[in-house]
Amino acid sequence: MNKTILHSFIVTFFTLNVHAQNGEWVEWIADAQLSYNQIDNINLSAFSNDQENDNKISLMASFGRFYQLNGTSRLHIVATIAKARFDDFDSMNNTELGLSLGFRHKFGLGYYKPYLQVSLGYIDKEFSTSSWDRSSYDGYLEFGQHFTQKLSASISYSYTKIDGNPWMTVLPEISSEVFDQSYWNSDVVIDYLLHNDWLISASYGYRDGDLTSACTPGNVAKVLTKNTVNAITTDDVFGGCVYQISGKTHTFSTSLNYAISGHSGLSFSYEYLKGDAGTLNYNSRNIQVSYNYRY
Amino acid sequence: MKIKNSFYYCAIIFCCSAGAVNLQVTVVNQKQQVIENAVIYINKTTTDLIKDMVIVDQLDKEFIPYVTVVQKGSAVNFPNNDEIRHQVYSFSKAKQFEIPLYSGNTSEPIIFNNTGAIAMACNIHDWMTAYIYVVDTDKFAISDKSGKAIIENVPNGNYEILVWHPKLKGNVETTAQQVSILNQDKNLDFKITQKSMMKAWRAPRSVKRRGY
């Protein structure tokens with residue numbers, strides 16, 4: 001189903017290219033990001049005595065190109081490669097390959113005209129522990145606008161479907177496919193220019209759907225007695241079990257961005273996630289420092 | 001050699017007697033910071049304006065220069081030296097125009113027949129902004145990084161000098177200073193009030209947020 005949508009999008013993408021009378025391939029996309037993350041409750045455990053923390057360093061690079069259809073619309077095709085390494089949980093080290101196809105339309109001429117962006121993405125992620133390998137497909141819709149010279153905002157909606165690897169069945173009546181997930185996510189982002197070289201952003205994200213959590217064997221009973229889990233299996237990475245449950249999360253984040261030049265910048269961000277599923281509550285924090293480059 | 005030197009002396013004496021001197025201007029803001037890209041000009045209409053062909057370039061997705069002064073009636077060409085396409089437009093009262101998506105040097109020059117400030121931008125790359133200031137005099141200059149500018153060959157007389165800058169708060173007339181020129185170079189200091197104004201953000205924030 002997801003592959004069909006992706007194929008349809010690719011066909012539409014190239015059909016638009018052919019039919020655009022003045023269309024032309026324009027800018028190359030060559031972006032890179034080096035980031036360092038400090039993550040609290042990396043296993044998203046609902047139990048404080050199970051929560052694990054770790055640090056991650058990752059390098060991501062994107063290559064692609066824009067296709068300008070006319071003065072207000074453009075397409076993009078971007079391939080992404082990323083590699084992440086963890087300090088302690090090195091079995092979570094992973095390599096990611098992705099492809100994104102998108103369409104962006106600005107509603108008229110001028111800085112303050114709103115825009116609409118639609119994209120479809122595919123990501124293949126391979127972990128050191130192969131049982132964690134997964135493929136994800138997502139559809140993304142964003143609407144945004146500059147309101148003043150300093151203030152801009154966007155609202156986005158996305159739907160993600162993840163296909164994970166088969167896992168060992170531990171309870172015959174419950175699926176073991178903990179990484180076969182789907183969820184939708186909506187974000188509101190506000191950007192404010194503090195100075196020519198400083199930009200602050202704040203965002204709120206609401207996510208509804210499947211989430212995956214890990215816990216030690218001592219807490220499994222607490223999960224299963226009062227909650228309905230979608231899937232459960234044993235887990236090598238955090239040494240207990242991993243389960244999937246339907247829930248909702250709220251993510252609050254803020255970032256401070258410094259422009260080194262028009263082509264590069266530094267970002268410092270803090271993210272706090274609060275979620276609940278059945279009787280379980282989840283909290284996690286993520287601090288990130290990143291260097292970003294754009295060709 | 002003697003003949004050559006004598007010629008220079010004569011030229012200098014002639015210039016001085018004709019009263020053509022230089023007016024050196026320094027521009028600072030309300031915080032005493034020197035101001036680059038301020039336009040300083042004599043508020044006196046020149047009848048025989050030189051209708052130049054002026055160039056505002058586009059390179060690395062920026063307009064170069066950021067501020068350009070042209071004499072009324074001049075044509076401005078907007079060559080695109082990026083290997084991509086730009087769409088240049090302005091909504092300013094002094095000149096509204098749009099150059100549809102183009103690459104290379106294919107656009108027709110734009111004629112500027114009204115005095116005043118023209119803010120322009122690119123519709124594809126929102127951070128690309130620049131200004132053209134149209135004057136009806138041939139005596140003008142733009143301040144450099146040290147806030148200094150020289151208006152050359154100003155004849156003897158009494159003048160009103162004005163300063164304009166993209167961040168100028170209020171009307172350009174509020175900057176007016178009267179000056180008398182009489183056979184001698186003159187220094188003039190301007191203090192202008194600037195409003196808070198920022199360039200649109202360009203730097204990358206994340207690989208996932210492409211932004212345009």
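Helices here are DSSP runs of at least four residues marked H or I, and strands are E runs of at least two, numbered from the N terminus. The views below all come from a predicted model.

**View 1. Chain B is mostly a matter of strands: 17 of them, plus one helix.** Half of the chain is tucked away, with 50% of its 212 residues counting as buried. Its accessible surface comes to about 10,800 Å², and carbon and sulfur atoms own 51% of that. For contacts in chain B between residues at least 6 apart in sequence, 65% join residues at least 24 apart.

**View 2. Five strands of chain B line up as an open sheet, in the order β6-β12-β11-β8-β9.** The pairing in this sheet is mixed. Strands β6 (67–71) and β9 (95–102) stand at the edges with a single partner strand each, so one side of each has no neighbour in the sheet. On average, neighbouring strands here are turned by 25 degrees against each other, ignoring direction. Look inside the sheet for β8 (residues 86–92) and β11 (residues 116–122) of chain B, which pair in the antiparallel sense over two bridges. To find your place along that pairing, look for Tyr89(B), which sits opposite Ala121(B) in β11(B).

**View 3. Chain B also has an open sheet of three strands, ordered β3-β7-β10.** Here, too, the pairing is mixed. The edges are taken by β3 (53–55) and β10 (110–112) of chain B, each pairing on one side only. Neighbouring strands in this one are turned by 35 degrees against each other on average, again with direction ignored. Strand β7 (residues 74–77) of chain B pairs with β10(B) in the antiparallel sense, over three bridges. A handy landmark is Ser74(B), whose bridge partner in β10(B) is Phe112(B).

**View 4. Tyr133(B) and Trp164(B) stack their rings.** Two values describe any pair of aromatic rings: how far apart the centres are, and the angle between the planes. For Tyr133(B) and Trp164(B), those are 4.7 Å centre to centre and 20 degrees between the planes. Planes under 30 degrees apart count as stacked. Tyr133(B) comes from strand β12 (residues 129–135) of chain B and Trp164(B) from strand β15 (residues 157–164) of chain B, so the pair ties together parts that are 31 residues apart in sequence. Are these two residues buried or exposed? Tyr133(B) is buried, at 5% relative accessibility, and Trp164(B) is buried as well, with a relative accessible area of 8%. Over all chains, the structure holds 20 aromatic pairs.

**View 5. Tyr159(B) sits in strand β15 of chain B.** With 8% relative accessibility, Tyr159(B) counts as buried. What does Tyr159(B) touch, once neighbours within four places in sequence are set aside? Its contacts are Ile42(B), Lys44(B), Val154(B), Gln177(B), Gln178(B), Val179(B) and Ile181(B). Don't look for Phe97(B) in this close-up: C-alpha to C-alpha, Tyr159(B) and Phe97(B) are 33 Å apart in space, with their positions 62 residues apart in sequence.

**View 6. Over in chain A, six aromatic residues form one cluster.** The members are Phe89(A), Phe127(A), Trp132(A), Trp167(A), Phe179(A) and Phe238(A). Arg134(A) lies over the face of Phe179(A), 3.9 Å from the ring centre. There's another arginine over a ring in chain A: Arg104(A) lies over the face of Tyr115(A), at 3.8 Å from the ring centre.

**View 7. Glu96(A) is an acidic residue tucked into strand β4 (residues 94–106) of chain A.** Is Glu96(A) buried or exposed? Glu96(A) is buried, with a relative accessible area of 11%. Leaving out residues up to four places away in sequence, Glu96(A) touches Met60(A), Thr80(A), Ile81(A), Ala82(A), Ile123(A), Asp124(A) and Lys125(A).

**View 8. Strands β10 and β11 of chain A make a hairpin, with four residues between the strands.** Strand β10 (residues 231–235) of chain A is mostly covered, with four of its five residues buried. β10(A) pairs in the antiparallel sense with β11 (residues 240–259) of chain A, over five bridges. Along the way, Thr233(A) stands opposite Val242(A) in β11(A). In this hairpin, check the backbone at Gly239(A), which takes a positive phi near 65 degrees.

Technical notes:
Residues numbered from 1 in each chain as written. Chains lettered and ligands numbered in written order. Predicted model: local features only at pLDDT ≥ 70, side-chain atom pairs only at ≥ 80, totals over all residues. Heavy atoms only, no water. Phe/Tyr/Trp six-rings, centres within 6.5 Å; stacked < 30°, edge-to-face > 60°. Buried < 20%, exposed > 50% of the residue type's maximum accessible area, 1.4 Å probe, protein only. Lys NZ or Arg CZ within 6 Å of the ring centre and 35° of its normal. Pairing = 2+ DSSP bridges. Axes fitted to C-alpha atoms, helices over the stretch in contact; angles between N-to-C directions. Contact = heavy atoms within 4.5 Å. Areas by Shrake-Rupley, 256 points an atom, 1.4 Å probe, with all protein chains shown as cover.
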